Amino acid sequence: ILGGYEAKPHLRPYMASLQLDGQHVCGGFLIAEEWVLSAAHCTEETDGKVFQVLLGAHSLTEPEPHKRLYRVRAQIPHPGSNIHNNKDDLLLLQLEEKAELNVHVQVLPFQREDRDVAADTVCEVAGWGTISHSGHRPDKLYQVERPVISRDVCNHRTRHDHTITEKMMCTDSRRKDTCKGDSGGPLVCNGVAEGVVTAGSRVCGNYKKPAIYTRIAPYVAWIDSVMASAAV
Ligand SMILES: NCc1cccc(Nc2n[nH]c3ncnc(Nc4cccc(O)c4)c23)c1
């Protein structure tokens, strides 16, 4: 997160850190007791290794009450996701067991009505992604508030040049923005997850390249069917 600030500890009890060998790779969030939603691009460069999911954390390294690392039973990328574009950039992770819910570990509701969030709505995004252009990785969760920008503005030829589909949304990226390691985290508007951070052009903090999110509402049927089919 660029241009943001350290989050108040445990006010986002749905936040997940997707880790490989104890290293934070991507964000994600708890959508059901044994399901985390993240971004399919997070599995690139992991050469088939399975993530572990850290829940209940504020600091990535310090011992904290209710902080727990979960093994993943299954990683299910959306069938339409691919390495060449940002389409269908969603990943469902089934935990090996139901997460123990408590004051620091809670599910975040996601938007089920497929209607665009109005431009200028101020939403919030949090993550353990880099907090400087030099790539400094924070130990604590950071957050930032960002206004939604219209798809027309985001699709302008000097911005994302008509690559933003109706299944994506954008927020202003002037100075305050998402960055490396924030992929997979939720864009929260009025307490509801509306989008999932996608890297897009990978540029951070440049107003010419607004932040891009996969909208969740268009994928409700897929999410529900995967969770229903794999229910233990
Ligand atoms: N703001 C959109 C967004 C959301 C999520 C991730 C990303 N960026 C990245 N995702 N993956 C990456 N691998 C290497 N470098 C990256 N960006 C980068 C790194 C240092 C300085 C800088 O200005 C940009 C990214 C960008």
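## Exercises on a predicted model with a bound ligand

A nitrogen atom of the ligand lies 2.8 Å from a polar backbone atom of Thr-178. The structure is a predicted model, in which local features need pLDDT of at least 70 and side-chain atom pairs count only at pLDDT 80 or more, whereas totals for chains, interfaces and linings use all residues. Residues are numbered from 1 along each chain as its sequence is written, and side-chain values use heavy atoms, with hydrogens and water left out.

### Exercise 1: the ligand

Task: list the residues around the ligand, and describe its polar contacts with His-133, Thr-178 and Arg-202.

Solution. Begin with the surroundings, where a residue is near a molecule if one of its heavy atoms lies within 4 Å of it. The residues around the ligand are His-133, Asp-177, Thr-178, Cys-179, Lys-180, Ser-183, Val-197, Thr-198, Ala-199, Arg-202, Val-203 and Cys-204.

Next come the polar contacts, pairs of N or O atoms within 3.5 Å (within protein, one must be able to donate a hydrogen and the other to accept it, and residues adjacent in sequence count only if both atoms are side-chain atoms). At Thr-178 the partner is a polar backbone atom, 2.8 Å from a ligand nitrogen, and at Arg-202 a polar backbone atom is again involved, at 2.9 Å from a nitrogen atom of the ligand. His-133 takes part through an N or O atom of its side chain, which is 3.0 Å from an oxygen atom of the ligand.

Finally, consider the cover: of the 550 Å² of accessible area that the ligand has on its own, the protein covers 79%, with areas from the Shrake-Rupley method and a 1.4 Å probe.

### Exercise 2: the disulfides

Task: for the pairs Cys-179 and Cys-204, Cys-123 and Cys-189, and Cys-154 and Cys-170, state the handedness of the disulfide and where the partners lie.

Solution. Take a disulfide as a pair of cysteine sulfur atoms within 2.5 Å; the structure holds four of them. Counting bonded cysteines along the chain, their pattern is 1-2, 3-7, 4-5, 6-8.

Start with Cys-179 and Cys-204, both of which appear among the residues around the ligand. Their sulfur atoms are 2.1 Å apart, and the value of 85° about the S-S bond makes the link right-handed. Cys-179 lies in the loop between E10 and E11 and Cys-204 in the loop between E12 and strand E13 (211-215), so the disulfide ties together parts 25 residues apart in sequence. Here helices (H or I, at least four residues) and strands (E, at least two) are DSSP runs numbered from the N terminus. Cys-179 and Cys-204 are buried, that is, under 20% relative accessible area, with exposed meaning over 50% and partly exposed in between (1.4 Å probe, protein chains only).

Cys-123 and Cys-189 also have sulfur atoms 2.1 Å apart, and their disulfide is right-handed because the torsion about the S-S bond is about 105°. This pair links distant parts of the chain, from Cys-123 in strand E8 (residues 122-127) to Cys-189 in strand E11, 66 residues apart.

For Cys-154 and Cys-170 the S to S distance is 2.0 Å, and with -80° about the S-S bond the link is left-handed. Cys-154 is in helix H1 (residues 151-154) and Cys-170 in strand E10, 16 residues apart, and both are buried.

### Exercise 3: the nonpolar cores

Task: identify the residues with the most contacts inside the largest nonpolar core, and then describe the surroundings of Leu-55.

Solution. A nonpolar core is a set of buried Ala, Val, Leu, Ile, Met, Phe, Trp, Tyr and Cys residues joined through side-chain atoms within 4.5 Å. The largest has 45 residues, and those with the most contacts inside it are Leu-18, Phe-29, Ile-31, Leu-37, Val-53, Leu-55 and Ile-223. Elements giving two or more residues to this core include strand E3 (23-32), strand E6 (68-77) and helix H2 (220-229). Apart from it lies another core, of 13 residues, among them Cys-123, Val-144, Cys-189 and Ala-211.

Contact means heavy atoms within 4.5 Å. Leaving aside neighbours within four places in sequence, Leu-55 is in contact with Met-15, Ala-16, Leu-30, His-66, Lys-67, Arg-68, Tyr-70, Leu-95, Ala-99 and Val-105.

### Exercise 4: a loop residue

Task: decide whether Ser-173 is buried or exposed, and list its contacts beyond four places in sequence.

Solution. Ser-173 is found in the loop between strand E10 (168-171) and strand E11 (186-189). Ser-173 counts as buried because its relative accessibility is 0%. Outside its neighbours within four places, Ser-173 is in contact with Arg-146, Gly-205, Asn-206, Tyr-207, Lys-209, Pro-210 and Ala-211.
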